[in-house]
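Here are some notes to read alongside the structure. I have kept them to the pocket, a surface patch and the salt bridges.

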Amino acid sequence: MLQKNARPGYRKIIKTSAKTLIIIEAILFGVSYAGWYRLNTNREFRYYVKDNYPSVLEAYYQLGETFGGDKTIRQYDETIWQQEQQAKK
């Protein structure tokens with residue numbers, strides 16, 4: 001008679017874990033890209049982040065300055081926000 005050997009269980013665990021890890025990484029990448037896109041395109045959202053999470057906004061500006069070499073976004077935002085503050089007074 002032929003004997004059936006059981007497959008090692010660790011292979012199934014490794015495959016399942018790898019698939020789960022890839023899915024989690026894809027979801028986290030999507031969320032981080034959506035946040036970056038919103039920071040990059042929405043000045044009101046940047047103002048919200050400035051009020052609530054200033055370190056995140058500072059990191060966003062520093063990344064932009066490091067990779068893009070463009071410091072005008074920070075200056076432009078500050079100018080607009082100061083004008084809006086003066087208009088409210």
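1. Let's begin with Arg74, keeping in mind that this is a predicted model. Arg74 counts as partly exposed, because its relative accessibility of 23% falls between the 20% limit for buried and the 50% limit for exposed.

2. Which residues does Arg74 pair with? One partner is Glu65: their side chains meet in a salt bridge with an N to O distance of 3.0 Å. Glu65 is itself partly exposed, at 22% relative accessibility. Another is Glu58, where the closest N and O atoms of the salt bridge with Arg74 are also 3.0 Å apart. That pair links distant parts of the chain, with Glu58 in helix 3 and Arg74 in helix 4, 16 residues apart. Glu58 has a relative accessible area of 30% and is partly exposed.

3. Now have a look at Asp77 and Arg43, whose side chains form a salt bridge (3.7 Å, N to O). Asp77 lies in helix 4 and Arg43 in helix 2 (residues 43-52), so this pair ties together parts that are 34 residues apart in sequence. Is Asp77 buried or exposed? Asp77 is buried, with a relative accessible area of 0%, whereas Arg43 is partly exposed at 24%.

4. A search of the whole structure finds 5 salt bridges. Through shared partners, salt bridges join Arg43, Arg46 and Asp77 into one network.

5. Next, the largest pocket, which has a volume of about 180 Å³. It is lined by 14 residues, and the closest to its centre are Trp36, Tyr60, Tyr61, Leu63 and Gly64. Helix 1 (9-41), helix 3 (54-67) and helix 4 (72-88) are the elements that each give two or more residues to the lining. Which helix gives the largest share of the lining? That is helix 3, with 7 residues.

6. If you are thinking about the chemistry of this pocket, its lining has 8 nonpolar, 2 polar and 4 charged residues.

7. Finally, please spend a moment on Trp36, which sits in helix 1. Besides being among the residues closest to the centre of the largest pocket, Trp36 joins Phe29, Tyr33 and Tyr37 in making a nonpolar surface patch of about 490 Å². Trp36 counts as partly exposed because its relative accessibility is 41%, which is between the 20% and 50% limits.

Definitions and conventions:
Residues numbered from 1 in each chain as written. Predicted model: local features only at pLDDT ≥ 70, side-chain atom pairs only at ≥ 80, totals over all residues. Heavy atoms only, no water. 1 Å grid on protein atoms, 1.4 Å probe; cavity = no way out; pocket = protein on both sides within 12 Å on 5 of 7 lines; lining within 4 Å. Points joined across faces, edges and corners; volume = space filled by probe spheres on them. Helix = DSSP H or I, 4+ residues; strand = E, 2+ residues; numbered from the N terminus. Nonpolar A, V, L, I, M, F, W, Y, C, P; charged D, E, K, R; others polar. Patch = residues over 30% accessible without salt bridge, like charges linked within 9 Å, V, L, I, M, F, W, Y side chains within 5 Å. Areas by Shrake-Rupley, 256 points an atom, 1.4 Å probe, with all protein chains shown as cover. Salt bridge = Lys/Arg side-chain N within 4 Å of Asp/Glu carboxyl O. Buried < 20%, exposed > 50% of the residue type's maximum accessible area, 1.4 Å probe, protein only.
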